[in-house]
Every structure is written in C-alpha cells, then in structure tokens.
Amino acid sequence: MKTGERARIIGGPFLGMHGTVVSSFGQRTVLAVAFETREIQVELAHDWIVAATPRRPSMSYVEDPKQNQRKKG
Amino acid sequence: MAAQMPRIRLWRFQEAPVRLQALFPEGKDPDWIASVPEPLAAVSEIQFLRWRKLYPVSSTRLPDGSAVHWGAPRESINRIAGQYPSPARPPAPVKERRSGVRVRLGCQARYQTGSSGKPQTGIGRIIDISSSGAAFTTDSLLRPGTRAAIYIPWPISLDGDIPVELHAAGKVVRGEETSAALQFDRVAFVAAS
C-alpha cells in the first residue's frame with residue numbers, strides 16, 4: 001500500500017482499527033491511527049493490513065495469506 | 001533533524017525480537033507481542049487489556065518505562081469451553097484432524113468461500129469448534145480444498161459490552177451437501193463497530 005492510503009488492521013491487538021499509511025520498509029508498515037483524542041503511530045507487518053473497505057470483511061481475508069505474501073514479494 | 005514520533009510496534013510472536021519473546025516463555029504463534037514506548041504506555045494500555053475477557057493478555061514494564069504486552073488468542077476456545085458441552089469423539093475408523101479442546105457452540109455464523117471473482121456466501125450453524133478448525137452446517141456443498149472464511153458472533157463481549165466476532169479462514173477439508181469442516185490458518189477477533 002502507498003503512503004497516504006487508508007488501511008484496516010486485520011491482525012494483532014489493534015485489529016478492526018483504521019489508519020493512514022505513513023511509511024513502509026521491508027515487510028513492515030507504519031500507520032497513523034486515531035486513538036482517543038490523539039494520533040499515534042503503529043508499526044506492524046504488511047499482511048496485518050488491507051485497504052480500508054466497508055465493514056464487511058473483504059475477500060482478501062478468505063484468500064490464502066501465503067499466496068498474498070508471494071504476490072507482494 | 002526532527003525527532004521520530006513515539007511508535008507502538010506489533011509482531012506475531014515468532015517475528016518479535018528475541019529479547020521480547022523471552023519475557024513470555026509460554027508464547028508461540030499465533031500469539032502477538034506489542035512494544036509500547038513510555039510516552040504511550042499508559043494511554044494505550046486499554047487497547048491491549050480489553051482483550052483479556054476473550055484470551056490471556058500479559059503485560060510487563062521494562063526499566064526504561066516502556067511496556068510490553070503479549071496476547072494469546074489461541075486460548076480463546078479454552079475460555080468458553082466450560083460453558084458448552086464437548087462433542088463426542090468420532091468412532092475409531094473416522095480420522096479426527098483436530099487436536100485440543102472442541103466446543104459444541106451451536107450458534108449461527110456467516111461463511112464465505114471462493115475467490116475474489118466468484119464469492120459464495122451463506123448462513124450456517126456451528127456444530128463444533130476448536131482452535132484449529134470448525135464444523136458447521138451449510139446451505140450448499142462446499143468443495144474440499146477451496147478457501148473459505150467463517151464469521152462467528154463470539155459469546156463473550158469486550159469491556160463495555162462491545163460485541164466481537166471470530167473471523168477464521170482456511171481450507172475446506174470436508175464438504176457434504178449440508179455441512180462442512182474448515183481447517184483454520186487465520187484466526188482473528190474483530191470488534192463489531
């Protein structure tokens with residue numbers, strides 16, 4: 001995902017939250033996430049985020065995560 | 001040069017720095033570890049501890065004031081096991097793929113299968129579930145080998161009565177006209193908004 005794009009977190013303790021991509025490096029992405037009254041930065045694995053979509057889970061969740069990683073690679 | 005904004009770092013257990021893994025000897029994938037710098041430790045604590053009703057979360061403070069949290073969502077089935085009957089083991093000739101605690105949850109769940117081009121969705125009922133898979137009723141045949149996801153309203157809510165769903169995805173390992181079994185390779189809880 002590119003800097004500035006909206007993303008939804010699908011893994012780990014922040015899952016379900018949304019953020020904006022700040023930067024990426026290696027297999028990691030940094031998101032700016034609104035948290036209570038402030039914005040914080042959260043760094044996590046690429047495959048713990050997907051492009052932000054409406055509330056229903058996207059098909060990307062159904063697809064094989066290993067295949068997704070190969071696509072990204 | 002501008003100072004870097006304090007940043008919370010999240011990892012799958014096996015991808016976390018070894019020094020952080022060592023703080024939680026019971027940890028393994030698919031657990032998670034979070035490292036929180038001192039300025040964010042207090043304000044963000046609730047975000048980690050809110051999962052405690054669903055699965056174990058443990059926290060520790062390091063000498064520099066930062067906090068490290070560990071969560072084990074794989075234990076969520078055990079949390080509810082006492083509230084539901086365990087299914088009978090299958091007779092000897094039937095191969096049982098799942099190990100660990102199995103729970104006869106009996107609730108309704110949504111499922112989705114197919115690739116991005118041809119999604120198939122339906123409503124079923126969970127026959128039983130373990131940390132590695134679930135058997136559920138289906139509206140139609142789900143072919144073994146296909147990818148599928150299932151969305152299960154969880155019987156425990158987060159603090160503040162916020163409902164959560166278990167989202168699990170994997171491969172269909174058994175498919176019949178009105179039931180299927182899914183072996184999980186991804187499991188996550190999502191707070192309903």
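## Two chains, strand by strand

User: In the hairpin of strand 3 and strand 4 of chain B, how many bridges pair the two strands, and in which sense?
Analyst: This is a predicted model. Strand 3 of chain B covers residues 57-61, and strand 4 of chain B covers residues 67-71. One facing pair is B:Thr60 and B:Val68, which are bridge partners. The count is five bridges, and the sense is antiparallel.

User: Which residue takes a positive phi in that hairpin?
Analyst: Look at the stretch between strand 3 and strand 4 of chain B, which holds five residues. There, phi is positive, near 95 degrees, at B:Gly65.

User: How confident is the predictor in chain B and in the complex?
Analyst: For chain B, 88% of the residues score a pLDDT of at least 70. A caution applies: where pLDDT is low, the coordinates should not be read in detail. The average pLDDT of chain B is 86. For the complex, the predictor gives a pTM of 0.75 and an ipTM of 0.77.

User: What is the order of elements along chain A?
Analyst: Chain A has five strands and one helix. Buried residues account for 30% of its 73 residues. Along the sequence, the pattern is β-β-β-β-β-α.

User: Which element of chain A gives the most residues to the side that touches chain B?
Analyst: The contact joins 24 residues of chain A to 34 residues of chain B. On the chain A side, two elements give two or more residues: strand 3 (28-35) and strand 4 (38-45). With six residues, the top giver is strand 4 of chain A.

User: What classes of residue make up that side of chain A?
Analyst: Sort the residues on the side of chain A that touches chain B by class. The split is 15 nonpolar, four polar and five charged residues.

User: Which strand of chain B pairs with strand 4 of chain A, and in which sense?
Analyst: Strands of a sheet pair through backbone hydrogen bonds, either parallel or antiparallel. Here A:Val42 stands opposite B:Ile8. Three bridges link the two strands. The partner is strand 1 (residues 7-12) of chain B, and the sense is parallel.

User: Which residues of chain B does A:Gly16 contact?
Analyst: A:Gly16 lies in the loop between strand 1 (6-9) and strand 2 (18-25) of chain A. Within chain A, leaving aside neighbours within four places in sequence, A:Gly16 contacts A:Ile9. Across to the other chain, the contacts of A:Gly16 are B:Val190 and B:Ala191.

User: Why does A:Gly16 count as partly exposed?
Analyst: A residue needs 20 or more C-beta neighbours within 10 Å to be buried, and 12 or fewer to be exposed. A:Gly16 falls in between, so it is partly exposed, with a neighbour count of 19.

User: Is B:Glu15 buried, exposed or partly exposed?
Analyst: B:Glu15 sits in the loop between strand 1 and helix 1 (18-21) of chain B. B:Glu15 and B:Ile33 are 18 residues apart in sequence, with their C-alpha atoms 9.0 Å apart. Because B:Glu15 has 14 C-beta neighbours inside 10 Å, its class is partly exposed.

User: How far apart are the centres of the two domains of chain B?
Analyst: Domain 1 spans 9-71, and domain 2 takes in 77-86 + 103-191. Five residues of domain 1 of chain B contact eight residues of domain 2. Those on the domain 1 side are three nonpolar and two charged, with no polar residue. Taken over C-alpha atoms, the centres are separated by 27 Å.

User: In what order do the strands of the closed barrel in chain B run?
Analyst: The barrel has six strands with antiparallel pairing. Neighbouring strands are turned by 45 degrees against each other on average, direction ignored. One link is strand 5 to strand 8, made by four bridges, with B:Tyr111 partnered by B:Ile150. The order is 5-6-7-10-9-8.

User: How many bridges join strand 9 to strand 10 of chain B?
Analyst: Strand 9 (residues 164-175) also pairs with strand 8, through seven bridges, and B:Tyr151 stands opposite B:His167 there. On to strand 10, a hairpin makes the connection through three residues. B:Val164 faces B:Ala191 in strand 10. The antiparallel pairing of strand 9 and strand 10 has 11 bridges.

Conventions: Residues numbered from 1 in each chain as written. Chains lettered and ligands numbered in written order. Predicted model: local features only at pLDDT ≥ 70, side-chain atom pairs only at ≥ 80, totals over all residues. Contact = placed C-beta atoms within 7 Å. Nonpolar A, V, L, I, M, F, W, Y, C, P; charged D, E, K, R; others polar. Pairing = 2+ DSSP bridges. Axes fitted to C-alpha atoms, helices over the stretch in contact; angles between N-to-C directions. Domains from an automatic or database assignment. pLDDT = per-residue confidence, 0-100.
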